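Reader: I am new to this structure and would like a close look at a single part, the cluster of aromatic rings. Could you begin there and then work outward to whatever surrounds or resembles it?

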Amino acid sequence: MHLSHDIGARRRLCQLLMTLRSCLLTVGLIAGLGTTTGCEIESIPDELHSNDLKDVLESALTKAFPRDLVLASPTRSSRLSQAMSVASGGSYAAKRRVLQRMLSGTLPEDCRFNFKVAPRPSRPIGCYGPAITYTNHPDAPATDEDWVDNDPPNTPNDTDGDGRLPTGDVGIWREYQNDEACAAAVLNSKVSSIEAQVDTGIYAMASLMCHANQAGVTVPDVSDGADLDLTEVVASGFEQQDVPVTVSKASIKWVDNSYVSELIAEGLDPSERPVRIKCRLRHRSNDTSYRGKISCLVESTAGNTHSCGPSATGMTRAFSINYLRNTDSVISYEARSAEFCGTQLRPWLSDSNYTLDAKSSEMRGSLGWVNNFNVAKFQFNVESGSGQYVFAWQAGGRDSHSRILGLKIGAASNDVSPSGCAYFGYGPRVQEDPDRPQGMICNWAGPGNSHVLQDVVQRQCLVWDEVSGYFISEASKLAITYAPTNSCSTSGVDALNQPFSYSDGVTTTTGSVAHDLVDAGQMSTIGITSPPGDIDAL
């Protein structure tokens with residue numbers, strides 16, 4: 001049945017959804033319900049049998065949208081809000097329900113979403129990358145006989161073997177962040193740092209579909225050039241939902257066997273500075289699978305960073321996600337996110353390929369990316385969450401390597417809780433498409449540092465703890481200990497036979513240290529086995 005044209009069925013469906021909503025249920029839980037805890041549902045009208053409900057979840061407009069594409073960390077604590085909300089920080093299951101509610105679009109409030117254009121900075125994780133002070137470093141090319149840092153302020157390199165490593169230079173340093181295994185806390189923090197911007201892009205495009213559904217329109221005919229202008233519909237819907245933007249373009253068209261949706265809008269950032277948002281979604285689907293790409297950017301003409309040259313005005317924050325959902329309920333995607341100098345630029349691979357381009361850092365100082373390029377490669381079962389998750393990040397375009405956290409996690413079964421192992425290390429630069437940790441650089445910025453990868457990585461295995469609501473560490477499999485030296489180990493003395501000492505402000509280590517890191521060959525089990533590909537390159 002076509003709900004957009006059957007007004008009676010649509011009204012009866014809305015009544016049913018209102019009843020279910022009052023019982024704190026979601027659209028995804030409708031089928032097969034009779035009674036529920038806390039309220040009674042007398043019956044489902046005959047004309048709204050399961051096939052009609054299936055039509056809601058698979059309405060015409062959902063053919064133009066990836067109904068399972070949301071970004072969430074698989075290790076997020078259950079203590080965070082799992083309510084029916086599009087707020088960043090929710091679980092994958094909760095955010096997916098919100099997305100599918102928006103795509104069914106039977107009630108005006110279903111189209112509502114949180115509009116956020118400012119990035120959320122990574123929250124400090126004390127167990128990962130704490131600042132380290134040291135004395136008598138054994139890799140220092142020259143040392144002195146005291147334990148005091150005698151280098152003048154702002155000296156770029158240590159000259160006397162005494163000094164301090166800034167935050168972020170070492171890896172997993174402690175087993176726990178409060179009650180949570182450190183690897184889980186790190187992955188949660190890294191996903192959260194890009195999540196608000198990605199959520200805004202995905203939910204804004206879903207809201208476009210939702211308002212179109214509210215207006216009773218359907219997707220364009222499957223013929224090249226077929227175009228549906230939704231500018232007035234979406235502009236009116238956003239205004240009614242108090243979305244703080246002015247929509248200048250909203251459309252869906254059929255091009256090269258794909259639906260291509262576009263949204264352009266202007267608004268203000270939290271500091272009341274003008275911003276411009278551009279999003280493009282290309283989607284191709286059949287009865288059992290789909291693939292595509294969503295790409296968005298936010299331009300701010302005000303503001304800059306010290307990394308941008310004088311010729312750059314403003315900043316652009318952008319992301320792209322290539323995705324593939326196969327017939328086995330497994331979705332894989334590659335999300336890229338970064339900050340760029342300037343505006344009115346195209347941070348994509350080409351004029352026709354809307355994947356975020358990491359190599360544009362070669363234009364540093366004018367119009368290239370300068371800060372925080374992130375790559376999330378996730379492949380998992382949309383129902384159980386089991387799968388493989390790789391997150392790589394790089395602070396600047398000239399860094400020699402990216403930092404990478406890889407996690408393989410299994411689903412719960414019977415009385416067995418979800419569990420898996422995470423690995424941290426370094427790998428190729430984001431310009432070279434990192435896919436898993438390949439080794440360790442244990443002395444990233446200390447005296448006499450070497451960036452030749454050691455053939456080891458850190459490991460922390462995790463298991464879900466129902467009592468605490470966190471992933472906790474399996475102590476018997478923990479392998480994170482190393483010294484901040486080129487070899488990752490130390491005899492405990494420098495070239496003058498003075499004791500080497502280092503501290504994170506909580507624990508001070510002296511004497512010999514032999515690392516307990518694991519062979520990097522274990523990384524063969526981490527990584528996406530079914531890459532999403534690139535729909536713009538097909």
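Author: In this model, which is predicted, ring pairs join Tyr128, Phe391, Trp393, Phe424, Tyr426 and Trp444 into a cluster. One member of that cluster, Trp444, also has a charged partner, for the charged end of Arg403 sits over the ring of Trp444 at 4.3 Å from its centre.

A search of the whole structure finds 20 aromatic pairs. Among them is the pair of Tyr290 and Tyr323, which is edge-to-face, with 6.0 Å from centre to centre and 70° between the planes. Tyr290 belongs to strand E11 (residues 290-300) and Tyr323 to strand E12 (residues 315-325), so this pair ties together parts that are 33 residues apart in sequence. Tyr290 counts as buried because its relative accessibility is 3%, under the 20% limit, and Tyr323 counts as buried at 0%.

From the rings one can turn to the nonpolar cores. In soluble globular proteins, nonpolar side chains tend to be buried together. The largest nonpolar core here has 99 residues, and those with the most contacts inside it are Phe65, Leu263, Ile294, Ile321, Tyr333 and Met440. Helix H4 (residues 182-214) gives the largest share of this core, 17 residues. To see the surroundings of one of these residues, take Ile321: leaving aside its neighbours within four places in sequence, Ile321 is in contact with Leu69, Val198, Ile202, Gly292, Lys293, Ile294, Tyr333, Glu334 and Ala335. A second core, separate from the largest one, has 25 residues and includes Leu297, Val375, Met523 and Ile526.

Glu334, one of the contacts of Ile321, leads on to the charged pairs. Arg336 forms a salt bridge with Glu334, and the closest N and O atoms of the two are 2.7 Å apart. Arg336 counts as buried at 12% relative accessibility, and Glu334 is buried as well, with a relative accessible area of 13%. The count for the structure comes to 23 salt bridges. Another of them joins Arg280 to Asp536, with the closest N and O atoms 3.0 Å apart. This pair links distant parts of the chain, since Arg280 is in strand E10 (residues 274-285) while Asp536 is in the segment after strand E22 (518-519), 256 residues apart. Both Arg280 and Asp536 are buried. For a pair with other surroundings, consider Glu474 and Lys477, whose side chains meet in a salt bridge of 3.9 Å, N to O. Glu474 counts as partly exposed at 25% relative accessibility, and Lys477 counts as partly exposed at 36%. Salt bridges that share partners also join Arg280, Arg282, Lys293, Asp534 and Asp536 into one network, and Lys293 in that network is one of the contacts of Ile321.

A further place to look is strand E8 (residues 245-255), where Ser251 lies. Ser251 is buried, with a relative accessible area of 6%. Apart from its neighbours within four places in sequence, Ser251 is in contact with Leu208, Asp227, Leu228, Leu230, Val260, Ser261 and Glu262. Of these contacts, Glu262 is eleven residues from Ser251 in sequence, and the two are 5.4 Å apart in space, C-alpha to C-alpha. The loop between E8 and strand E9 (258-268) holds Asn257, which has a positive phi of about 65° although it is not a glycine. Asn257 is exposed, with a relative accessible area of 52%. A positive phi is also found at Cys488, again a residue other than glycine, with a value near 75°. Cys488 is in the loop between strand E19 (470-473) and strand E20 (501-503), but Cys488 is buried, with a relative accessible area of 0%.

These parts can finally be set within the whole chain. The chain has five helices and 22 strands, and 56% of its 538 residues count as buried. Among the contacts in the chain with a separation of 6 or more, 65% are accounted for by residues 24 or more positions apart. The chain exposes about 22,700 Å², of which carbon and sulfur atoms supply 49%.

Note on methods:
Residues are numbered from 1 along each chain as its sequence is written. This is a predicted model: local features need pLDDT of at least 70, side-chain atom pairs count only at pLDDT 80 or more; totals for chains, interfaces and linings use all residues. Side-chain values use heavy atoms; hydrogens and water are left out. Helices (H or I, at least four residues) and strands (E, at least two) are DSSP runs, numbered from the N terminus. Buried means under 20% relative accessible area, exposed over 50%, partly exposed in between (1.4 Å probe, protein chains only). Contact means heavy atoms within 4.5 Å. Accessible areas come from the Shrake-Rupley method with a 1.4 Å probe; for residues, only the protein chains shown count as cover. Rings of Phe, Tyr and Trp (its six-membered ring) pair if their centres lie within 6.5 Å; planes under 30 degrees apart count as stacked, over 60 as edge-to-face and the rest as tilted. A charge sits over a ring if NZ of Lys or CZ of Arg is within 6 Å of the ring centre and within 35 degrees of the ring normal. A nonpolar core is a set of buried Ala, Val, Leu, Ile, Met, Phe, Trp, Tyr and Cys residues joined through side-chain atoms within 4.5 Å. A salt bridge is a side-chain nitrogen of Lys or Arg within 4 Å of a carboxyl oxygen of Asp or Glu.
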